[in-house]
Amino acid sequence: MSTYLVEGGFPLEGSVAIHGAKNSVLPILAAALLAPGECVIHNCPHLSDVEASLAILRHLGCPARREGDAVVVDASAPTRWDVPDRLMREMRSSVIFLGAVLGRMGRASLCAPGGCELGPRPIDLHLAAIRALGGVITESEGGLLCEGALRGADIVLSLPSVGATENAMLAAVCADGITTITNAAREPEIVDLQNFLLALGARVRGAGSSVITIEGGVPLHGGSYTVMGDRIVACTYLAAAASAGGHVEVTGVDWRHLSTVTAVLTEAGCGVRSEPGRIALTCTKPLKGVRPIRTAPYPGFPTDAQAPLMAALCKGSGCTVFVENMFESRYRHVDELIRMGADIRVEGRVAVVYGVPRLHGARVRATDLRGGAALVVAALGARGRTRVEGIHHIDRGYQCLEGDLTALGAHIFREMTGKS
């Protein structure tokens, strides 16, 4: 087990290169299973979720190794079609292997996925998409068995689910015929997955729009690809600079993917300059409340940025209303922020943040990935020392968070507290 010790009150200064996107690389690693050859995935971050994905690939019979910032996966001859409980429990996104394993092996056996507890996130849409493609699914207590020859189909998602869109894409690449996914998720990570599939020889178009078309059954091959930068990590570092003050530049991200977040930071009183491949933020005065922030599917305000932005807006003047439309239990960080002196009222999906002049250090605990990052953001702008426990959640999506922040002038270090 590890904790973060954060001494607040030190402005941040400098530039930080953003590592590869967690929400891109996980489906891309699953997609590597589809190619009968070697895939080299560059800008692949060192994250616990990535290690869990590599463990699944190795279990399936696909050797996987690291070479610097790249991962090499050889899916020439997978030997298994089951993902055991001990591997599925490592992360929620493990369900993304359903479409890939079924498509490549003709059958797939998976247990219920694990990951952050953010309220009910049923995989009904994933299963409906697989069934539309001809998959026969037998559900048992805690597990799924999927079999059948896949064929192209028209899939209409009732919600633009990112995971269901990705699973449908991976399965459809192996299906016989043309598949159309309507009401598809439009996130940049979907575009990244499409571009990786194109590098393998697949025929996919439309990602980034609400309609994606896949011509399945095309022979695939190995390939090389570079993962996009993580827009949520970039949001977190910008929020950290807004909380602690100073001047921070993030590089390796597309500013257009963060426009809803930078608009909020600008309204709160930060100076923001966006250019191709980089975003710079300057904060020299207390933040002020902004108009209501409502999370929504892309291109709306990202639910993953809600907690870090809330942490930054806790300190300052005015009032900000957050409306969480994506997950039912995404305010679990609020009680911990209140321990640091924040004034936040929650009612259902609505959280009202009343700015306070200052936050103070406290002992707090991360209960999920983005909520954990939010506690670090708050701690950087607080007076005194904060101990953040449960940082294994943070390690799921941030590659050496303490290293990047230290390079920016933060006083943060990781303390080992015993065996996990």
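**Exercise 1. Determine whether Thr262 is buried or exposed, and place Thr262 in its surroundings.**

Solution. Thr262 has a relative accessible area of 9% and is therefore buried; buried means under 20% relative accessible area, exposed over 50%, and partly exposed in between (1.4 Å probe, protein chains only). The model is predicted: local features need pLDDT of at least 70, side-chain atom pairs count only at pLDDT 80 or more, and totals for chains, interfaces and linings use all residues. Residues are numbered from 1 along each chain as its sequence is written, and side-chain values use heavy atoms, with hydrogens and water left out.

Next, the secondary structure is assigned. Thr262 belongs to helix α9 (residues 259-267); helices (H or I, at least four residues) and strands (E, at least two) are DSSP runs, numbered from the N terminus. Finally, the contacts of Thr262 (heavy atoms within 4.5 Å) are Leu238, Val272 and Ile279, leaving aside residues up to four places away in sequence.

**Exercise 2. Describe how helix α1 packs against helix α7.**

Solution. Begin with the geometry. The axes of α1 (residues 22-32) and α7 (residues 188-199) are 9 Å apart, at an angle of about 30 degrees. Axes are lines fitted to C-alpha atoms, for helices over the stretch in contact, and angles run from 0 to 180 degrees between N-to-C directions. The two helices α1 and α7 are therefore roughly parallel; angles under 35 degrees count as roughly parallel, over 145 as roughly antiparallel, 65 to 115 as roughly perpendicular and the rest as oblique.

Then list the residues. On the α1 side the contact is formed by Asn23, Ser24, Pro27, Ile28, Ala31 and Ala32, and on the α7 side by Glu189, Asp192, Leu193, Phe196 and Leu197. Sorted by class, this contact of α1 with α7 comprises seven nonpolar, two polar and two charged residues. Here Ala, Val, Leu, Ile, Met, Phe, Trp, Tyr, Cys and Pro count as nonpolar, Asp, Glu, Lys and Arg as charged, and the others, Gly among them, as polar.

Last, consider burial. Helix α1 is mostly covered, with ten of its eleven residues buried; among them are Lys22, Val25 and Leu29.

**Exercise 3. Describe how helix α8 packs against helix α10.**

Solution. Helix α8 (residues 231-244) and helix α10 (residues 306-313) have axes 8 Å apart and an angle of about 5 degrees. This makes α8 roughly parallel to α10. In the contact, Thr236, Ala239, Ala242 and Ser243 of α8 meet Pro308, Leu309 and Ala312 of α10. The classes in the contact of α8 with α10 are five nonpolar, two polar and no charged residues.

**Exercise 4. State how many disulfides the whole structure holds, and examine Cys62 and Cys111.**

Solution. A search of the whole structure gives zero disulfides, a disulfide being a pair of cysteine sulfur atoms within 2.5 Å. For Cys62, the closest cysteine sulfur is that of Cys39, at 9.7 Å, which is too far for a bond. Cys111 is likewise in no disulfide, as the nearest cysteine sulfur, in Cys146, is 12 Å away. As to accessibility, Cys62 is buried at 1%, whereas Cys111 is partly exposed at 22%.

**Exercise 5. Locate Gly14 and Ser158, and give the accessibility of each.**

Solution. Gly14 lies in strand β2 (residues 12-17) and is partly exposed, with a relative accessible area of 26%. Its contacts, not counting residues up to four places away in sequence, are His247, Val248, Glu249 and Leu408. Ser158 sits in the loop between β10 (154-156) and α6 (162-173) and is exposed at 60% relative accessibility. With the same sequence exclusion, Ser158 touches Leu125 and Asn183.
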